[in-house]
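Colleague: Please take a close look at one part of this fold for me and then follow it outwards into the rest of the chain. I would like the cut-offs as you go.

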Amino acid sequence: MSSTDHLRGLDRLHWLLGRLLHATARLDFCVGLQIRSLSTYRGRPAKLSIGKQKLSDRLRLLQEFTDETFCHSDPMAKSAFNEWFVQAAEARALRNDYAHGRWGQVSSREPDLFSFIPLSWALDEHKVLSGQVPLTELQARVEAVESLTQRFMDLQEQFVHEARYTAAWENEHGLSPNVRPRPT
């Protein structure tokens, strides 16, 4: 392998890691916006300090608001949103592992195969997990994280007919709890 191939592999790795960080930051921003929006409908406005919370805490709060708003009567909605929240938690963990771990090319003959060692405080080298990550696998994971924000919006749209807000909010906006617009 030439030094050019070696550098292309490293460049691609860094480009994918950057996309992963950006996608996770975009997801975090979306979670914050959804909390602000849904908290108003739930009659529990979000505190200004929400931006100081960890993403895992914001995800838990968003799940609470989502359950109250969309998942109260439809098992399909509950299942779909729960699956999304599992994937969002996995994306957060992946970002943390991949951003803080150590990467290295496996061999000069395979510029798109990297060894990965997650950050660990284990002193016993046998307890430290390591593995190999092909860039095609990393790219698929990055694309899955990138799709999470839009998928949350799609779920809200899919289950909007199930949305239930507080009685005061519905009355103020002319919605009857018994009359919901159904998708056509």
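Modeller: Happily: let's start with Gly 104, which stands opposite Ser 115 in S2. This is a predicted model, in which local features need pLDDT of at least 70 and side-chain atom pairs count only at pLDDT 80 or more, while totals for chains, interfaces and linings use all residues. Residues are numbered from 1 along each chain as its sequence is written, and side-chain values use heavy atoms, with hydrogens and water left out.

Strand S1 (residues 102–107) pairs with S2 in the antiparallel sense, and five bridges join them. Two residues lie between S1 and S2, and the two strands form a hairpin. (Two strands pair if DSSP finds at least two bridges between them; strands are DSSP runs of E with at least two residues, helices are runs of H or I with at least four, and both are numbered from the N terminus.) In general, strands of a sheet pair through backbone hydrogen bonds, either parallel or antiparallel.

On to the next strand: S2 and S3 also run antiparallel, with four bridges between them, and Phe 116 is opposite Gly 131 in S3. The result is an open sheet of three strands in the order S1-S2-S3, with antiparallel pairing. S1 and S3 (131–134) are at the edges with a single partner strand each, so one side of each has no neighbour in the sheet. From one strand to the next, the twist averages 40°. H4 packs on this sheet, where it touches S2 and S3, and its direction makes about 75° with that of S3. Here a contact means heavy atoms within 4.5 Å, while axes are lines fitted to C-alpha atoms, for helices over the stretch in contact, with angles from 0 to 180 degrees between N-to-C directions.

S2 and H4 lead us to the core. The largest nonpolar core has 36 residues, and Val 31, Phe 81, Trp 84, Tyr 98 and Leu 138 touch the most other members. (Such a core is a set of buried Ala, Val, Leu, Ile, Met, Phe, Trp, Tyr and Cys residues joined through side-chain atoms within 4.5 Å; buried means under 20% relative accessible area, exposed over 50% and partly exposed in between, with a 1.4 Å probe and protein chains only.) Two or more residues each come from helix H1 (3–41), helix H2 (55–70), helix H3 (75–100), strand S2 (110–117) and helix H4 (135–158). H1 gives the largest share, nine residues. Leaving out residues up to four places away in sequence, Trp 84 touches Leu 27, Val 31, Leu 59, Leu 148, Arg 151, Phe 152 and Leu 155.

Within this group, the axes of H2 and H3 come within 11 Å and cross at roughly 175°. The two helices are therefore roughly antiparallel (over 145 degrees; under 35 is roughly parallel, 65 to 115 roughly perpendicular and the rest oblique). Their contact comprises 10 nonpolar, four polar and three charged residues. (Nonpolar covers Ala, Val, Leu, Ile, Met, Phe, Trp, Tyr, Cys and Pro, charged covers Asp, Glu, Lys and Arg, and polar the others, Gly among them.) In the loop between H2 and H3 sits Asp 74, which counts as buried because its relative accessibility is 14%.
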